[in-house]
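Welcome! Please take a moment to look over the sequence and the structure shown here before reading on.

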Amino acid sequence: VLQYSTKERFIMEIATTPVRLNLKSKIVITIASALVYSLLIVVIDLFVEADLFFSTAGVFLILILALFFGFVFPDFLAHTMSKSGMKNSLRITPDLEEKEAIMIEGPASLINGNAVSGGKIFLTGSRMIFRNTEKEQIRLPYPSIKHLRIGKTAGMIENKLNIITHERERYHFIVNQPKLWIEKLNEHMTI
């Protein structure tokens with residue numbers, strides 16, 4: 001949790017630390033990668049007749065690539081995404097009503113079908129606002145929110161904040177620490 005103040009207000013920034021994969025998820029990714037690389041090497045063997053799959057070099061290649069994509073790559077990707085995401089999200093500010101102030105903010109991405117739009121979630125005294133890097137804005141007054149749920153990406157990573165409104169609109173956000181977001185939203189919804 002980061003806290004800072006501007007001339008006119010005090011803002012809490014939450015969920016800025018990227019989600020890290022646990023050991024179980026990394027092992028699943030490693031095994032899946034090994035299977036994919038094994039299949040690719042078998043297909044290459046069929047066309048080239050090099051017998052890579054049963055060679056020491058082929059087995060070594062499969063192991064190295066699987067371990068890399070299971071253990072090294074996810075942490076590298078999370079680190080890189082958090083650095084670039086934080087730089088981009090610093091410039092995002094929502095359009096506010098007169099006398100409306102941001103109380104909490106944090107990085108988020110909106111999932112809309114197959115498209116993902118990066119931006120920030122802002123909590124004010126009366127509503128939640130999502131603004132993306134293209135300056136599109138979604139405003140959800142707290143009374144319009146019916147359900148808040150945590151979801152998983154790829155069935156493994158708890159990093160989704162699912163919101164359903166009374167009008168049956170569904171919003172799916174990728175956030176760090178979705179439990180914290182739900183806690184803060186519930187606090188604001190009961191005020």
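What follows is a short tour, from the whole chain to single residues.

This is a predicted model, in which local features need pLDDT of at least 70 and side-chain atom pairs count only at pLDDT 80 or more, while totals for chains, interfaces and linings use all residues. Residues are numbered from 1 along each chain as its sequence is written, and side-chain values use heavy atoms, with hydrogens and water left out.

**The whole chain**

- The protein chain has 3 helices and 9 strands; these are DSSP runs numbered from the N terminus, with helices being H or I of at least four residues and strands being E of at least two.
- Read from the N terminus, the order of elements is β-β-α-α-β-β-β-β-β-β-β-α.
- Of the 191 residues, 39% count as buried, meaning under 20% relative accessible area, against over 50% for exposed and in between for partly exposed (1.4 Å probe, protein chains only).
- About 11,900 Å² of the protein chain is exposed, and carbon and sulfur atoms supply 61% of that area (Shrake-Rupley method with a 1.4 Å probe; for residues, only the protein chains shown count as cover).
- Among contacts (heavy atoms within 4.5 Å) between residues at least 6 apart in sequence, 48% join residues at least 24 apart.

**Strand β3 and its partners**

- 9 of the 11 residues of β3 are buried, so this strand is largely enclosed by the rest of the structure.
- β3 runs antiparallel to β4, joined to it by 10 bridges; two strands pair if DSSP finds at least two bridges between them.
- Across this pairing, Pro107 stands opposite Lys120 in β4.
- β3 and β4 make a hairpin with 2 residues between them, and Gly113 in the turn has a positive phi of about 70 degrees.
- β3 also pairs with β9, again in the antiparallel sense, over 3 bridges, and there Ile111 has His172 as its bridge partner.

**The nonpolar core**

- The largest nonpolar core (buried Ala, Val, Leu, Ile, Met, Phe, Trp, Tyr and Cys residues joined through side-chain atoms within 4.5 Å) has 20 residues, and Ile121, Leu123, Met128, Leu161, Ile163 and Phe173 have the most contacts inside it.
- Elements giving two or more residues to this core include β3 (102–112), β4 (115–124) and α3 (178–189).
- Beyond its neighbours within four places in sequence, Leu123 is in contact with ten residues' worth of partners that include Met103, Met128, Trp181 and His188.

**His188**

- His188 is found in helix α3 and is buried, with a relative accessible area of 6%.
- Leaving aside neighbours within four places in sequence, His188 touches Met103, Ile104, Leu123, Thr124 and Tyr142.
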